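The exercises below ask the reader to work through aromatic contacts, burial and domain layout, with each task followed by its solution.

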Number of protein chains: 2
Amino acid sequence: MQEEIQQGRIRIKDIAEKAGVSVGTVDRVLHGRPNVSEKSRIKVEEVLKRIDYQPNMYASALASNKYYKFFCLFPQHKPGEYWTEVEKGVMRAQSKFNDFNISVEIFYYDPFDSQSFLKAAEQMQQREFDGVIINPTKVEVTSQFTEQLHEKEIPFVFIDSNIPELHPLSFWAQNSQKSGYFAARMLKLLAPNSEVGIFRQVVSGHVGSNQQLEREEGFLQYMKEHHKDTIIHTLELPAKNFGRQFDIMDKFFAEHKNMHCGICFNSKVFGIGEYLEKRHKKDFRLMGYDHLERNNECLRNGFVDFLIAQHPWKQGYGSVQILIDYLILKKEVMRYNYVPIELLTAENIEFYNKTN
Amino acid sequence: MQEEIQQGRIRIKDIAEKAGVSVGTVDRVLHGRPNVSEKSRIKVEEVLKRIDYQPNMYASALASNKYYKFFCLFPQHKPGEYWTEVEKGVMRAQSKFNDFNISVEIFYYDPFDSQSFLKAAEQMQQREFDGVIINPTKVEVTSQFTEQLHEKEIPFVFIDSNIPELHPLSFWAQNSQKSGYFAARMLKLLAPNSEVGIFRQVVSGHVGSNQQLEREEGFLQYMKEHHKDTIIHTLELPAKNFGRQFDIMDKFFAEHKNMHCGICFNSKVFGIGEYLEKRHKKDFRLMGYDHLERNNECLRNGFVDFLIAQHPWKQGYGSVQILIDYLILKKEVMRYNYVPIELLTAENIEFYNKTN
DNA sequence: CACATTTTCGTGTTCGGACACAAAGGTACA
DNA sequence: TGTACCTTTGTGTCCGAACACGAAAATGTG
C-alpha cells in the first residue's frame, strides 16, 4: 500500500491549479496577506469553498521555521507533591511536540507570599516568550500580571483553578464545587449515619486556597440537600506538618465519639491517614484528594478509603496543547476544560494511568 | 522569540559535520542500510553515542511520502451503542494524524456468527493494508486470521478484550476481572445487607462474551473474599430486547423479596433500568457498564446508581496511535494498555469527557 | 597493468508550505 | 510618450529527512 499517492489530500498547488493562479497567490489568500487583486481572491475563495483544504501542519511548521517559548508560573513544591505531576505533563508535551520547535520553562512562586508571584512575573517579562501557563493566586495579584499580558497580546492559560474575569485564553481545572458535592455523596455511602469531620488546612489562621473553600462549599451543599441532619465538626490544622499535631487531633477525636468518617479537601490527606495508622484507628472512614504516592499508600493500607483524582498530568499536558493549537496550528481552542472527577479506591487505583 | 534558531535541535546535517562524512552516509547508518564502510559507520556511531538525536518525525513523514492503510474489524452494532464510541476515537485519530498520510477503514462482523468474522477477514485480505485493529472473537476463529497476519508480518492490535497467546503487537482494553471486583465493592456500599441480582445476557442459552464472564468472575471473587454470606440470584435474559421480558422479570423480582440491588455486566443495563422505571420501583439499587446515552438517562433519573466506564473512545484512539508509533515513528510501543476503571454517578457524569 | 565489477560515498531532488524577491502589470503625472 | 511608483503575480529557495543517481574509490580478473 505504501508508495501510493493518496487522492484525498489537497495541496496548495492543487488549489492554485484549480483557481488558475500561482501558489504564491493562494498562500496570500490563505493567510490574509495583502497584495491580491479582488479578481484573484475571489477565484481562490471559490475553490476553497468547494473543497475542504486541510493544510499539512507539519510541513507548515517545518517551513515557517519558528521557535516558540512557553513559560509556566507554578507554586513552589517538594518532589512527589501534586505539582510534580503537573510538571510531568508539561514536560511530556514539550518532548512530544518538540518537532514544532517549542520549549517550556518553569518559574516558581511562593504560594504564601503574593509579592513572590509578581517578582517571578517580572523576571519572566525581562525575557521574550510566546505564551504562559499560570496557576493563579489572588485575583488582585494575578490581574497585575495578566493585564500586562493582554497588552502585549501574549496568550495565557490558567491551570488548576480559574479566574474567568481575567479572560484567559483557556483554562484546565476540575470543577471544585461539583467535586466536593460528589465527595459528599461518596462519604455518605461509606458511613451513612455518622457524624462527619472536616480537616482544614490553614495558613496563619485562614484557609489559603479557593479550591479548598469551593470543595467544602459543594460538600456542604450536598449535605444540605440530602442529609440536613448530618452533624459536621471542623478541625483546623496548620499547613506546616499537616497531620502531625497529634495532641490536637487526639483531643478532636476524643471530643466527638460519634464521628466515624472525615474528609480533607486537599492533597495532604496522608497526614490524617498516617495519624490513623499510628493510632491503629481502623473504625474511621477517610476521604481526600489526589493521586500522590503517600496518599496511595494510605489507600492500600486501608487508612484512606477514597481519593478523588483530578488528572494533574492531563492538566499540564493539555495546557501546553492549548497554546500549540492556538499559536501554531491556528485552531479554535476550548475556552474551558474540566478534568473528570474520578474516584480512586484500593480496587481500581492500579489502572489510573497517566499516559495519553 | 520567534525567528530564532534553537540550539538544542540536532539535524542529520549536524551529525554529518561532526563525523566528517556526508548526510547520505549518516542516513545509511541511521537506517541500517548497506554500503557503509566500517570506518565511516564507527565515526557516525561515535557521534550518535555522544548526542541525543531525535529525528524530526514530521520532516521524515513528509519526505518518505508513504501512505498507510489501517483496517478495523469490529462487531456490527446500532448507532448509539458501545462500539459507536470506539469508532469515534478511531476516526478522531485518523483526522488528527491525517498529515502522516494514513487512512482507516472499518469492517464489520456478526458477533453471533463466527463464520462472519472469517468472511470479513477474507475480504480484507484481498486488499493491501499496513495494520489492523481487531476486536477478537473466539480464539479458534480469531487465530485463523492472526496467523495469516503474522505470516505477512502485518501488525495487529486487539481492542476491548485480549487473547495474549495470539501475540498481538499490543492491546487496549479494561481488565474485566478487576473491574468486576471493583463493581462488587461499590454494590456492597450501595446496599450492604441486600441479596444481589445478576442480570446475564445470553444468546441461545449461554453467555456470549468473555468479557461478561470475566467481570462476573471478579465480582464473585470479591464476594467470596469479603462477603461470603451474600446471597446471589441470577436471571438470564436473551440479548434480543434485553430487559423487555417483563413477565419473566416480574417473576424474578417477586420470587426474591430481599433482593434490593443488582448488576448487569454489559452495556445493556438500560434495559433493566427502564423496566424499573416502568414499574416505579425505586427501592432497587442498580449498577451496569458503559457511558451510553440510554444508560446515562437512567443514571440521571435514579434508576441506575453507578455505571462503570471504560473509555471506548480512548481505546479506539489509542489503537490507531499504537500502529502509527510502531509503523511510522518506529517507536517502542506498550504491549498492554489498560483503560482505567471509572465510576460514573449522577454527580460526576457531566465531566466524563471524551477529549484527549 | 588494463579493464571490469563492486563497494562506498556525496550530491541533488523531492515532500508541502512559508516567504523573499524579482518580474510584470497598472496608474499617475509631467 | 516616457518615467516614476505602486500593486499584483509568479518563481525560487528553504525547512529536515528520504532516497535515487552517479562519481569516486576499492577490489577482482585476465
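**Exercise 1: charges over rings**

Find the ring over which the charged end of A:Arg215 sits, and look for a corresponding contact in chain B.

Solution. The charged end of A:Arg215 sits over the ring of A:Tyr289, 3.7 Å from its centre, where such a contact requires NZ of Lys or CZ of Arg within 6 Å of the ring centre and within 35 degrees of the ring normal. In chain B, B:Arg215 lies over the face of B:Tyr289, at 3.8 Å from the ring centre. The model is predicted, with local features needing pLDDT of at least 70 and side-chain atom pairs pLDDT 80 or more, while totals for chains, interfaces and linings use all residues, and side-chain values use heavy atoms, without hydrogens and water. Residues are numbered from 1 along each chain as its sequence is written, with chains lettered from A and ligands numbered from 1 in the order in which they are written.

**Exercise 2: ring pairs**

Classify the pair formed by A:Phe246 and A:Tyr275, and place both residues in the chain.

Solution. A search of the whole structure finds 51 aromatic pairs over all chains, counting rings of Phe, Tyr and Trp (its six-membered ring) with centres within 6.5 Å, and calling planes under 30 degrees apart stacked, over 60 edge-to-face and the rest tilted. The centres of A:Phe246 and A:Tyr275 are 5.2 Å apart and their planes stand at 85 degrees, so this pair is edge-to-face. A:Tyr275 is buried, at a relative accessible area of 2%, buried meaning under 20% (1.4 Å probe, protein chains only).

Technical notes. Helix = DSSP H or I, 4+ residues; strand = E, 2+ residues; numbered from the N terminus. Buried < 20%, exposed > 50% of the residue type's maximum accessible area, 1.4 Å probe, protein only.
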